[in-house]
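Let's take a friendly walk through this model, from its inside to its surface. Have the structure open as you read.

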Amino acid sequence: FTKALREHMGMVARRLVGETVNAAPVLTLITQFGGGKTHTLTALYHAVKNVPWLDRSIQDELLRELGVPRLPKSRVAVFVGNAWDPSDTRETPWIDIARQLAGDAGVAAPYILN
């Protein structure tokens, strides 16, 4: 892993296990062309979705590298802004993401501010 990729994956991993120190809730990937944005997002997607199916020794090495004891089961939504086309069921990007994560019931659920 590159240093930046390792840091981003570590921040996301820590956030997923409930840590908030050095675990930003939002990451901004700003790099020049070829700076690793797509690689970072792809690595994060596969780390969250596929770690449970990795060989145990590879899994242990990855978790040690990320600095977390485990990665919890997580849902992942994918949004590609320049490919998004609003329709009756996709009113906003946020509704599209909510539907991917929680289905129609999640979209219909009232939002409660704490």
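A good place to begin is Ala-43, which is in contact with Leu-5 and Met-9 once its neighbours within four places in sequence are left aside. Please keep in mind that this is a predicted model.

Those three residues belong to a wider group. The largest nonpolar core has eleven residues, among them Leu-5, Met-9, Ala-13, Ala-43, Leu-44 and Ala-47. Further along the chain, the core also includes Leu-62, Leu-63, Leu-66, Val-68 and Leu-71. Three helices each give two or more residues to this core: α1 (3-16), α2 (37-50) and α3 (56-66).

Helix α1 is worth a closer look. Its buried residues are Leu-5, His-8, Met-9, Gly-10, Met-11, Ala-13 and Arg-14, and the buried residues of α1 pack against α2 and α3. How far apart are the end C-alpha atoms of α1? They are 20 Å apart, and this agrees with the span that the 14 residues of α1 should have at 1.5 Å a residue, which is also 20 Å. Just after the helix, Gly-18 has a positive phi of about 95 degrees.

Next come the charged pairs. Side chains of opposite charge can pair when their charged atoms come close. The count here comes to two salt bridges, and one of them, between Glu-65 and Arg-6, links distant parts of the chain. Glu-65 sits in helix α3 and Arg-6 in helix α1, 59 residues apart.

The table sets out both pairs, with the distance between the closest N and O atoms.

| Acidic residue | Basic residue | Closest N and O atoms |
|---|---|---|
| Glu-65 | Arg-6 | 2.2 Å |
| Asp-104 | Arg-99 | 2.6 Å |

Are these partners buried or exposed? Glu-65 counts as partly exposed because its relative accessibility is 36%, and Arg-6 also counts as partly exposed, at 33%. In the other pair, Asp-104 has 54% relative accessibility and so counts as exposed, while Arg-99, at 26%, counts as partly exposed.

Finally, let's turn to the surface. Tyr-45, Val-78 and Val-80 form a nonpolar patch there, and together they have about 250 Å² of accessible area. Val-80 lies in the loop between α3 and α4 (93-108). With a relative accessible area of 44%, Val-80 is partly exposed. Why can Val-80 be part of a patch while being partly exposed? A patch takes residues with over 30% relative accessible area, so the 44% of Val-80 meets that cut-off.

Conventions:
Residues are numbered from 1 along each chain as its sequence is written. This is a predicted model: local features need pLDDT of at least 70, side-chain atom pairs count only at pLDDT 80 or more; totals for chains, interfaces and linings use all residues. Side-chain values use heavy atoms; hydrogens and water are left out. A nonpolar core is a set of buried Ala, Val, Leu, Ile, Met, Phe, Trp, Tyr and Cys residues joined through side-chain atoms within 4.5 Å. Buried means under 20% relative accessible area, exposed over 50%, partly exposed in between (1.4 Å probe, protein chains only). Helices (H or I, at least four residues) and strands (E, at least two) are DSSP runs, numbered from the N terminus. Contact means heavy atoms within 4.5 Å. A salt bridge is a side-chain nitrogen of Lys or Arg within 4 Å of a carboxyl oxygen of Asp or Glu. Patches are made of residues with over 30% relative accessible area and no salt bridge: like charges are joined within 9 Å, nonpolar side chains (Val, Leu, Ile, Met, Phe, Trp, Tyr) within 5 Å. Accessible areas come from the Shrake-Rupley method with a 1.4 Å probe; for residues, only the protein chains shown count as cover. The expected span of a helix is 1.5 Å times one less than its number of residues.
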